[in-house]
Amino acid sequence: MCGIVGYVGEREAQPVLINCLKRLEYRGYDSCGIALLGGRTEVYKDAGRIEELEKVLQSNESRTGIGHTRWATHGKPSEVNAHPHTDCSGKVAVVHNGVIENFLHLKEQLTNEGHTFRSETDTEVIPHLIEKYYQGNLEQAVTRALGDIAGTYAFIAIHADCKELVVARKDSPLIVGIGDKEYFVASDAPAVLDYTDRVMYLEDGDIVVITKNDIKITSNGKQVARPECRVPWSIEEAQKAGYDHFMLKEIHEQPRVIRNTYAGYISTIEPEINLEIKRAVDFDNILILACGTSYHAALVGKHVIQRLTHIPVNVDIASEFNYSDTVVGKTLVIIITQSGETADSIKSLKKAKELSCHTLVITNVVGSSATRIADDVLYIKAGPEISVAATKSFIAQLIMLYLFALARASVDVRSRGSLIAELRQLPNKVHEILDREGEIAERGKYLAEYENAFFIARGINFPVALEGALKVKEIAYIHAEGYPAGELKHGPFALLTPNTPVVAITTRDNTYETLLANIKEIKARESPVIAVAEEGDEEIEKYVDFVIRVPRVDPIFSPVVNTVALHLLAYYTAKERGCSIDMPRNLAKSVTVE
Ligand code: F6R
């Protein structure tokens, strides 16, 4: 959460910072600001989006500056709480992502020493600590300030008397982009892609001093080097390409994303899956940990892996695992995280390592924090996902879980061959759904009229019901609950009225007949029902008000086609309600606080 940027080089810093901030806005967008170094430190802030900030900027030729786009943790979104924060003299400015846990204590101490605070934020203690310790050397002042701070941070500090950026990282992501006589600092790599694809990923404990010609990284008091990497994404991939929203573009990218994810793992000559996790590891059960949409992928993964391999699989919400006394034996722990930066997932990964489990991360972001902690990594190769609501990364996570299970499947070779063949057909099946976008848009207009909804399914599609409901909550601001169809009558039935539509996922697997019976019970309570049903299922028409058609696939792959339909449904529902689809209120793409 929160995006930070820094620039030092030969270009005017202001437009560079604004451009980079726009690419980071998905990390937080409730207020923003920049600070530029000249004879003094100039600060501009706005309690709104970056386009609002641009209106208050004045021309400034500074070649060094820092910027921030905020997702509020301490203090409401307002101009005074927006970053950069400054010290009493106005010479020091700091942008920060993370949480300073002991800020109340530090604030009290600094106030007693004569410092005056303006904001409600935790961050403001950092510039004041730097001011307290500054004796002509910014790096030394930052190092001493860090000695007082407890918590998580990625921050950049500037001082009017110095021509450098001083950067520090602990438990919050940070990269340095390398140009020709210029450096960029950012919370993640797509922010700097307009200027360079050469980056360094900073490590926890790094303190970095950057001028336009030089970079010095220190860790535990010793100078260190961090390897330079190429970002595997192009700038075009991080743009809207004519779509109204990133979310719609990302849904439309899914056929290509599915191919990208399985390419390299499926041999084209003799269909086999070639997916070995790096180190030989002996496990007899699996625990999958994740948050939000990635958690829903994990729940589908449990069904898929157990069905194909008979290896027992448990799934836990990462933040809950952190408090659980889960007993692990020869357990492979899989962490699913699109961003690789989610604080709860990282914490659960660290806990799994402490418990001596072998850990495997399934992620989209090369070089992200999780990839540097886990024993093994599988990249889903979905390309940059900009919309806050995860869509293509969810589908790619599912594909990776199918590959993982198929590679270990205990089913006979013929069944495995036909499942692999069907997996390769999924891009075409997703195209078929995208071709029906207009019909799904009509259903979205219908759903948009309601304030409450249920999403139901059974078995492998129950997580898809959770996912459909999450998306409608998240981007259309409709209160929606995902329920196993069998559970509805154990309480939620009390809420069924003609104003409570129910979206039912009616794949023709072993759940179908019971689900039809559930739909009849729901109709008896006069709730409108929208079914997500397979092509050729004429029976369903008799029981429901509307049908969204998806192509027939082996039921094990039905979560893919059903989810694409539900993501489109959520998109068009939100569009009809005029919501801010790519940046829903109060949310951020990368949740780096617990
Ligand atoms: C919802 C959504 C979130 C994320 C969750 C975990 O559309 O995107 O629920 O899935 O914050 O994020 P990652 O996968 O980056 O760990």
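K181 sits in the loop between β9 (175–178) and β10 (183–186), where strands are DSSP runs of E of at least two residues, helices are runs of H or I of at least four, and both are numbered from the N terminus. The model is predicted, so local features need pLDDT of at least 70 and side-chain atom pairs count only at pLDDT 80 or more, while totals for chains, interfaces and linings use all residues. Residues are numbered from 1 along each chain as its sequence is written, and side-chain values use heavy atoms, with hydrogens and water left out.

K181 is not a glycine, yet its phi is positive, about 55 degrees. With 45% relative accessibility, K181 counts as partly exposed; buried means under 20% relative accessible area, exposed over 50%, and partly exposed in between, for a 1.4 Å probe and protein chains only. A positive phi, near 55 degrees, is also found in Y477, again a residue other than glycine. Y477 belongs to the loop between α15 (462–476) and β22 (479–484) and is partly exposed, at a relative accessible area of 22%.

Another backbone feature is the cis peptide bond between H83 and P84, with omega about 0 degrees. P84 is in the loop between β4 (64–70) and β5. Strand β5 (residues 85–86) contains T86, which counts as buried at 14% relative accessibility. Apart from neighbours within four places in sequence, T86 is in contact (heavy atoms within 4.5 Å) with V43, V92, A93, R118, E124, P127 and H128. The C-alpha atoms of T86 and H159 are 9.6 Å apart, with their positions 73 residues apart along the chain.

Two packed helices are described by the angle between their axes and the distance between the axes. Axes here are lines fitted to C-alpha atoms, for helices over the stretch in contact, and angles run from 0 to 180 degrees between N-to-C directions. Helix α4 (residues 125–133) and helix α5 (residues 138–148) cross at roughly 120 degrees, and their axes come within 8 Å. That makes α4 oblique to α5: angles under 35 degrees count as roughly parallel, over 145 as roughly antiparallel, 65 to 115 as roughly perpendicular and the rest as oblique. On the α4 side the contact is made by L129, I130 and Y133, and on the α5 side by L138, A141, V142, R144, A145 and D148.

Helix α14 (residues 437–447) packs against helix α17 (residues 558–576) at an angle of about 55 degrees, with the axes 7 Å apart. The two helices are therefore oblique to each other. From α14, the residues E437, I440, A441, R443, G444, K445 and L447 meet A565, L568, L569, Y572, T573 and E576 of α17.

Helix α7 (residues 254–262) has as its buried residues Q254, P255, V257, I258, T261 and Y262. They fall within an arc of 165 degrees seen down the axis of α7, so they line one face of the helix; the arc is that of the directions from the helix axis to the C-beta atoms. After α7 comes G264, with a positive phi near 95 degrees.

Q254 of α7 is also a contact of T391, a residue in the loop between β20 (376–379) and α12 (392–407). T391 is buried, with a relative accessible area of 0%. Leaving aside neighbours within four places in sequence, the other contacts of T391 are M247, E250, I251, E385, K471 and H567.
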